[in-house]
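This report describes a single protein chain, going from its overall make-up to selected residues. The sequence and the coordinates come first.

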Amino acid sequence: MATNDTSTTNEKKPKKKGRVRGTIEQIRQVYRFTREYDSKLPLVMWLSFGIPVVVSILIPLLWYRKSVVGWILTVFLGIMIGFTVAVWTLTNRSNTAAYGLAEGKPGATAMVLNNINNKAYSFPEEPIWVDPRTKDMIWLGTSFSGIFLVGEGDYGRVQRAMDRQEKTIRKITQGSEIPIYRISVGNGPKQVPLRKLRSSIVRGHKMKLRKDELDNLNNRLRSLRLRNNTMNMPKGMDPSRVHVSPRAMRGKN
């Protein structure tokens with residue numbers, strides 16, 4: 001029985017080490033990817049880590065110099081805070097680098113929309129409309145705030161296409177006051193840059209729907225998307241694969 005317990009313990013340790021090593025390796029990959037596009041990353045990360053540590057060293061010296069245990073605990077807390085802030089900084093700047101690399105590429109908008117998906121927001125990977133010639137695209141999504149039409153491409157062409165999509169959507173939401181928010185992604189005067197798309201969707205919109213109302217709306221829009229699957233898609237183009245994945249880009253480094 002003792003032998004079995006020992007073997008079980010030995011089996012669990014490599015798994016735990018494997019997870020830790022995997023996390024460290026993932027952080028290294030993200031750092032290498034971001035470092036190529038962000039020359040200030042090392043300095044910013046050192047400041048993110050160093051400032052909390054320095055503060056944690058100074059506080060015990062000023063307030064409770066005689067308590068060695070308190071000093072050790074405060075420094076340890078400062079190291080933990082510094083590490084957390086440094087990882088958050090790396091993640092944030094990595095996303096910025098990924099958006100910059102993806103900006104202007106067909107389907108890059110889907111990268112942001114896929115990261116928004118949760119219980120409150122629903123954005124299918126497939127665009128509801130694609131222009132076979134220009135590769136302009138429109139995605140249809142929902143939230144407790146209402147319906148979102150997110151377009152990518154030339155502003156004028158996308159707006160005309162959104163007009164047609166909105167008329168179709170209004171037919172299934174007739175009699176309700178569900179708002180339809182229209183966002184055009186790009187770098188033009190009336191467009192939202194890719195890096196600001198997430199905040200444009202998740203901020204500044206009041207809750208308009210209950211959960212049962214949102215579920216009912218999603219069912220209706222799902223039927224609409226199924227009907228729109230007969231649209232004229234570009235030959236050899238899979239709309240579910242046109243987005244750019246930051247994870248995939250990091251893996252190439």
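A residue is called buried when its relative accessible area is under 20%, exposed when it is over 50%, and partly exposed in between, with a 1.4 Å probe and protein chains only. The model is a predicted one, in which local features need pLDDT of at least 70, side-chain atom pairs count only at pLDDT 80 or more, and totals for chains, interfaces and linings use all residues. Residue numbers start from 1 along each chain as its sequence is written, and side-chain values use heavy atoms, with hydrogens and water left out.

**Overall make-up**

Helices (H or I, at least four residues) and strands (E, at least two) are DSSP runs, numbered from the N terminus. The chain holds eight helices and five strands. Their order along the sequence is α-α-α-α-β-β-β-β-α-β-α-α-α.

Of the 253 residues in the chain, 39% are buried. Accessible areas come from the Shrake-Rupley method with a 1.4 Å probe, and for residues only the protein chains shown count as cover. The chain has an accessible surface of about 16,100 Å², and carbon and sulfur atoms contribute 56% of that. Contact means heavy atoms within 4.5 Å. Among contacts in the chain with a separation of 6 or more, 64% are between residues 24 or more positions apart.

**Helix packing**

Two packed helices are described by the angle between their axes and the distance between the axes. Here axes are lines fitted to C-alpha atoms, for helices over the stretch in contact, and angles run from 0 to 180 degrees between N-to-C directions. Helix α2 (residues 41-63) and helix α3 (residues 68-102) have axes that come within 8 Å and cross at roughly 160°. This makes α2 roughly antiparallel to α3; angles under 35 degrees count as roughly parallel, over 145 as roughly antiparallel, 65 to 115 as roughly perpendicular and the rest as oblique. The α2 and α3 crossing is right-handed, the term for a near helix turned clockwise from the far one by less than a right angle, with anticlockwise giving left-handed.

Helix α4 (residues 109-116) is largely enclosed by the rest of the structure, because six of its eight residues are buried. These are T109, A110, M111, V112, L113 and I116. V112, in helix α4, has a relative accessible area of 1% and is buried. Not counting residues up to four places away in sequence, V112 touches Y99, L194, L197 and R198. The C-alpha atoms of V112 and N95 are 9.8 Å apart, with the two positions 17 residues apart along the chain as the separation.

**Aromatic pairs**

Rings of Phe, Tyr and Trp (its six-membered ring) pair if their centres lie within 6.5 Å; planes under 30 degrees apart count as stacked, over 60 as edge-to-face and the rest as tilted. By this rule there are three aromatic pairs. The pair of F33 and Y37 is tilted, because the ring centres are 5.5 Å apart and the planes lie at 55°. Both residues lie in helix α1 (residues 2-37), four residues apart, about one turn of the helix. F33 is buried at a relative accessible area of 1%, whereas Y37 is partly exposed at 44%.

F123 and F148 form another tilted pair, with 6.1 Å centre to centre and 50° between the planes. F123 is in the loop between β1 (121-122) and β2 (129-130) and F148 is in strand β4 (residues 146-152), so this pair ties together parts that are 25 residues apart in sequence. F123 is buried at 2% relative accessibility, and F148 is buried at 0%. One aromatic cluster is formed by F123, F148 and Y181.

**Selected residues**

The table lists two buried residues with their contacts, leaving aside neighbours within four places in sequence.

| Residue | Place | Relative accessibility | Contacts |
|---|---|---|---|
| T173 | loop between α5 (155-172) and β5 (180-185) | 6% | I147, I178 and L217 |
| E166 | helix α5 | 17% | L149, I180 and R182 |

E166 and I180 are 14 residues apart along the chain, and their C-alpha atoms are separated by 7.7 Å.

Most residues other than glycine have a negative phi. K135, which is not glycine, has a positive phi near 65°. K135 sits in the loop between β2 and β3 (137-143) and is partly exposed, with a relative accessible area of 32%.
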